[in-house]
Amino acid sequence: MNQILQLLKQNIQDDARIFTEKADLVSYSFDASFGSYMPEYVVQPLTTEEVAAVIKLANTHKVPVYPRGQGTSLSGGPLPVRGGIVLDLSRWTSKLEIDAENMLAIVSPGVTAQAINDAALLHGLIYPPDPSSMNIATIGGNLAENSGGPKGLKYGVTKDYVIGLEVVTPEGNVIRTGGKTMKNVTGYDLTKLIVGSEGTLGVITEAILRLYPKPEATETLMAQFDDIVDAGRAISSILSAGIIPAKLEIMDKASVEAVEAYRPSGLPTNIDALILIELDGHPEAIKDEIKRVNDVCIKENARAVQIAQTKEEAAQLWQARKLVSPAIVRLKPTKISEDATVPRSKIPEMFQRLKEIREKYKVDLVVFGHAGDGNLHPNIIADERDAEEMRRVEKAVEEIFRTAIELGGTLSGEHGIGTLKAPFMEMELGAVGVDMMKRIKQAWDPNDILNPGKIFPEPNQRFVLTND
């Protein structure tokens with residue numbers, strides 16, 4: 001241990017950015033999911049050279065390295081499950097350059113998506129990916145998880161905006177992938193391979209991101225439904241009509257009631273579900289789309305469709321959607337947040353199946369999320385001190401995963417696999433598919449030092465929701 005510490009001190013300019021005291025290490029032992037694992041060291045690099053040096057010594061001495069941003073992961077992505085070194089990149093915010101002429105941003109890994117978007121707005125541009133934690137989570141974490149958000153329906157997710165990366169490989173070498181051009185088919189697309197690899201193939205030290213012109217106008221609508229399945233049909237019908245909203249979100253009755261109890265904003269609570277719709281683009285085009293969305297919703301049994309009359313009213317509606325997560329944990333202390341995703345055509349059936357799962361296992365299941373692209377967030381509220389309840393929750397979550405796969409969907413739309421979903425990988429990909437991914441990992445990281453214990457299930461690993 002002392003040898004590793006001495007080597008770290010030789011390669012990090014400031015000893016104050018190396019932590020070994022237990023009080024400091026505990027802060028890095030958990031994230032926003034489940035489980036707690038103590039690292040042996042925490043290092044806060046501020047340059048590519050420092051990252052490369054740490055990775056080289058770790059690879060030489062076969063010490064695990066766990067890249068980490070702000071720890072907002074919901075799947076266990078940065079947990080140091082085998083001890084070793086946590087590489088905290090959250091302080092590395094030195095570069096945030098806007099190349100307005102080429103509509104690009106060049107950023108360090110600790111910069112937030114919110115900061116990128118704010119800087120882009122000064123030039124009449126936007127950075128569309130908008131995960132709920134965009135004002136906290138680092139862009140490095142967003143890239144590692146391929147994060148999405150409400151605007152993913154129209155604008156895509158993080159991977160759709162990454163055209164170049166600087167990456168430190170598991171052997172401590174520095175490579176650049178992609179560049180500043182929109183088109184690039186030189187060899188394998190290593191940029192897309194790294195994005196979404198959850199820190200298992202390399203450490204991202206810089207990113208080149210596409211920006212998009214700011215839309216001329218936006219409008220927000222709220223449609224109320226007496227049955228969540230009708231809401232699902234309305235979502236499918238809106239998209240089938242050729243309308244692509246910037247956002248198309250759903251909140252079920254339980255999530256609406258929780259928000260109103262937490263911070264009242266006038267949402268109707270005597271409904272089974274509501275959908276929030278944001279349209280953007282040319283003002284005249286939006287007027288036509290508003291009428292068409294209204295007609296579709298009424299046809300699918302919407303009780304009412306309300307158009308926000310002011311920017312403040314629209315902001316209040318979207319703020320209510322953002323408040324769902326903090327609001328529902330007031331009911332019970334433990335929140336299990338999933339993001340099983342299904343094809344758009346299967347959204348109504350998924351809603352029906354979620355109703356059945358709620359009743360079958362007698363769990364407090366709250367449904368909200370990015371329904372426009374089928375990326376739902378079935379959240380179960382429980383108390384982890386109640387062992388019997390947690391066993392029912394585990395079974396319910398397993399059935400949610402199976403249902404998503406049966407409907408042609410996926411285990412995760414934006415939260416990643418990490419530790420929590422690893423036991424279900426073969427369910428979606430099959431044994432051969434998982435083996436091909438393992439081969440890629442082995443080729444890139446033969447000593448298995450980068451974020452080991454993630455994505456791929458350990459022998460006899462099962463899905464558990466405990467902090468033991």
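**How the labels are earned**

Author: Let's start inside helix α14 of this predicted model. Its buried residues are Glu389, Met390, Val393, Glu394, Ala396, Val397, Glu399, Ile400, Phe401, Thr403, Ala404 and Ile405. They pack against β16 (334-337), α13 (347-361), β17 (364-370), β18 (375-382) and α15 (425-444).

Reader: Glutamate 399 is in that list, so let me pick on it. Why is glutamate 399 called buried?

Author: Its relative accessible area is 16%. Buried means under 20%, so glutamate 399 qualifies.

Reader: And what makes glutamate 399 and arginine 402 a salt bridge?

Author: The two side chains meet with N and O 3.9 Å apart. The cut-off is within 4 Å, so the pair counts as a salt bridge. Both residues lie in α14, three residues apart, about one turn of the helix. Here is the geometry behind that: an α-helix has 3.6 residues a turn, so residues three or four places apart point the same way.

Reader: Is arginine 402 buried or partly exposed?

Author: Arginine 402 is partly exposed, because its relative accessibility is 34%, and that class runs between 20% and 50%.

Reader: How do you know that the length of α14 agrees with what is expected of a helix?

Author: Happily, that can be checked. Helix α14 covers residues 387-406, 20 residues in all, and at 1.5 Å a residue it should span 28 Å. Its end C-alpha atoms are 29 Å apart, so the two values agree.

Reader: On to α15, then. How far apart in that helix are arginine 439 and aspartate 435?

Author: They are four residues apart, and therefore separated by about one helical turn. Their side chains form a salt bridge at 3.0 Å, N to O. Aspartate 435 has 32% relative accessibility, so it counts as partly exposed.

Reader: What makes the bridge of glutamate 278 and lysine 247 a link between distant parts of the chain?

Author: First, the bridge itself: the closest N and O atoms of glutamate 278 and lysine 247 are 3.9 Å apart. Glutamate 278 sits in strand β14 (residues 273-281) and lysine 247 in strand β13 (residues 247-252), with their positions 31 residues apart in sequence.

Reader: Why are both partners called buried?

Author: Glutamate 278 is at 10% relative accessibility, and lysine 247 is at 13%. Buried means under 20%, so both earn the word.

Reader: How many salt bridges are there in total, and which residues are linked in a network?

Author: The count comes to 34 salt bridges. Arg82, Lys441, Asp445, Asp448 and Glu458 are linked in a network of them.

Reader: Let's visit some loops. What is notable about phi at methionine 103 and asparagine 146?

Author: Phi is positive at about 55 degrees in methionine 103, although that residue is not a glycine. Asparagine 146, also other than glycine, has a positive phi near 55 degrees. Methionine 103 belongs to the loop between β5 (96-99) and β6 (104-107), while asparagine 146 is in the loop between α5 (139-145) and α6 (152-155). With a relative accessible area of 29%, methionine 103 is partly exposed; at 15%, asparagine 146 counts as buried.

Reader: Why is threonine 138 called buried, and which residues does it touch?

Author: Its relative accessible area is 3%, and the limit for buried is under 20%, so the label holds. Leaving out residues up to four places away in sequence, threonine 138 touches Gly69, Gln70, Ser90, Pro109, Gly110 and Val111. It is found in the loop between β7 (125-126) and α5.

Reader: What makes up the nonpolar surface patch?

Author: Val26, Phe30 and Met38 form a patch of about 240 Å². Phenylalanine 30 lies in the loop between α2 (22-26) and β2 (41-43). Its relative accessible area is 41%, and patch residues need over 30%, so phenylalanine 30 passes that test.

Reader: Finally, how do you know that the protein is as compact as a globular protein of that length?

Author: The fold has 15 helices and 18 strands. Its radius of gyration is 22 Å, close to the 23 Å that the globule rule gives for 468 residues, so the description fits. Buried residues make up 56% of the 468.

Key. Residues numbered from 1 in each chain as written. Predicted model: local features only at pLDDT ≥ 70, side-chain atom pairs only at ≥ 80, totals over all residues. Heavy atoms only, no water. Patch = residues over 30% accessible without salt bridge, like charges linked within 9 Å, V, L, I, M, F, W, Y side chains within 5 Å. Areas by Shrake-Rupley, 256 points an atom, 1.4 Å probe, with all protein chains shown as cover. Helix = DSSP H or I, 4+ residues; strand = E, 2+ residues; numbered from the N terminus. Buried < 20%, exposed > 50% of the residue type's maximum accessible area, 1.4 Å probe, protein only. Rg over C-alpha atoms; globule rule 2.2 N^0.38 Å. Expected span 1.5 Å × (residues − 1). Contact = heavy atoms within 4.5 Å.
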